[in-house]
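Reader: I am new to this structure and would be grateful for a close look at a single part of it. Could you choose one place to begin, and then lead me slowly from there into the surroundings?

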Amino acid sequence: LESQEDIRDRHSRVLLTSIHCIVDTIETLQASDEEWSIEQEQVDVLISMMRKCNFGKRMMGSRSPRVRQAAYHCAGRLALNCRKVIIGCQNELKKYIVGSFKEKDSLCYKSIFEMVIVVNKEIKSMWEDLNPKDIFWPSFYRFLRMSCYGSETFSYLALMPLLSTMPTQVWRRSLDGGDSKWEVLLETLKNLLAGTKGNFTNDKVLRMAGQCI
């Protein structure tokens, strides 16, 4: 008989394969035909599938870091190549995408940065009806304070592309009611510096943090 751990591992492998198949199929079609674009009927099927499987909760909230990483990657690629799908599911996905810096596994952060940056550029409505002071900044500051949960060699260089693509309304809401228009920047720098304290002997990490600052 299979143990519970074996069953979970097998289930995770099935989810991983399914997620990668979606992304690979779309990108293969695009690579083979530059004129190809997804039809509305196909968009509707993908939206229905993502809703029925509760993609945000079950995939982005999976116990398996590999599944979460694949889910972040999938959402980012769909936002780039088939944004109608993500727009159609944004009410279900927005708290998982915007709130993705709660993630604590370094494996996931390359995909998270790519996902959020693409969403910032392509689907600015993802931030609507969300208060960044509640859902984004606290977990983002903690991410910086915790040395990016071990992903700092990549994450420090991705910070500026992330912050520079955040929609105007996000900054407006973030600064609303604050004591200073520099409050968010100063808090970001404070937490970034706090996260480098344990890396004073790592020249590469310190150089990257310095470039970011």
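Author: Let us begin at Asn54, which is partly exposed, with a relative accessible area of 37%, in what is, it should be said at once, a predicted model. Asn54 lies in the loop between helix 2 and helix 3, and although Asn54 is not a glycine, its phi is positive, at about 55°. This is the residue with positive phi that follows helix 2, and helix 2 is therefore a natural element to take up next.

Helix 2 runs over residues 40-52, and its 13 residues reach 18 Å from the first C-alpha to the last, close to the 18 Å that is expected at 1.5 Å a residue. Which residues of helix 2 are buried? They are Val43, Leu46, Ile47 and Met50, and when one looks down the axis of helix 2 these buried residues fall within an arc of 100°, so that they line one face of the helix. On the other side of helix 2 one finds Glu41, Val45 and Lys52, which are exposed. The buried residues of helix 2 pack against several other helices, namely helix 1 (4-32), helix 3 (55-60), helix 4 (65-81), helix 5 (83-88) and helix 6 (90-98).

Two of these partners deserve a further word. In helix 4, the 17 residues should span 24 Å at 1.5 Å a residue, and the end C-alpha atoms are indeed 24 Å apart, which agrees. The list of buried residues in helix 4 includes Val67, Tyr72, Cys74 and Leu78, and it also holds Arg68 and Gln69. These buried residues pack against helix 1, helix 2, helix 3, helix 5 and helix 7 (109-122), and so the contact with helix 2 appears again when it is viewed from the side of helix 4. Cys74 is buried, with a relative accessible area of 1%, and one may ask how far its sulfur is from the closest cysteine sulfur. That closest sulfur belongs to Cys53 and is 9.2 Å away, too far for a bond, and a search of the whole structure finds 0 disulfides.

The other partner is helix 6, where Asn91 has its place. Asn91 is exposed, with a relative accessible area of 64%; its C-alpha atom is separated by 8.0 Å from that of Met126, although the two residues are 35 residues apart along the chain.

Beyond helix 6 we come to the aromatic residues. A search of the whole structure finds 18 aromatic pairs. Among them, Phe101 and Phe113 form a pair that is edge-to-face, with 5.3 Å from centre to centre and 85° between the planes. This pair links distant parts of the chain, for Phe101 is in the loop between helix 6 and helix 7 while Phe113 is in helix 7, 12 residues apart. Phe101 is buried, with a relative accessible area of 0%, and Phe113 is buried as well, at 1%. Both Phe101 and Phe113 belong to one aromatic cluster, whose members also include Trp127, Phe140, Phe143 and Trp171.

In soluble globular proteins, nonpolar side chains tend to be buried together. Here the largest nonpolar core has 62 residues, and those that touch the most other members are Phe55, Ile86, Phe101, Phe136, Phe140 and Phe143. What does Phe143 touch, if its neighbours within four places in sequence are left aside? Phe143 is then in contact with Phe101, Tyr109, Phe113, Cys148, Tyr149, Ser151, Ser155 and Leu159.

One of those contacts of Phe143, Cys148, brings us back to the question with which we began, that of a residue with positive phi. Cys148 is not a glycine, and yet its phi is positive, at about 60°; its place is in the loop between helix 9 (137-145) and helix 10 (152-164). Is Cys148 buried or exposed? Cys148 is buried, with a relative accessible area of 0%, whereas Asn54, our starting point, is partly exposed at 37%.

Key: Residues are numbered from 1 along each chain as its sequence is written. This is a predicted model: local features need pLDDT of at least 70, side-chain atom pairs count only at pLDDT 80 or more; totals for chains, interfaces and linings use all residues. Side-chain values use heavy atoms; hydrogens and water are left out. Helices (H or I, at least four residues) and strands (E, at least two) are DSSP runs, numbered from the N terminus. The expected span of a helix is 1.5 Å times one less than its number of residues. Buried means under 20% relative accessible area, exposed over 50%, partly exposed in between (1.4 Å probe, protein chains only). The arc is that of the directions from the helix axis to the C-beta atoms. Contact means heavy atoms within 4.5 Å. A disulfide is a pair of cysteine sulfur atoms within 2.5 Å. Rings of Phe, Tyr and Trp (its six-membered ring) pair if their centres lie within 6.5 Å; planes under 30 degrees apart count as stacked, over 60 as edge-to-face and the rest as tilted. A nonpolar core is a set of buried Ala, Val, Leu, Ile, Met, Phe, Trp, Tyr and Cys residues joined through side-chain atoms within 4.5 Å.
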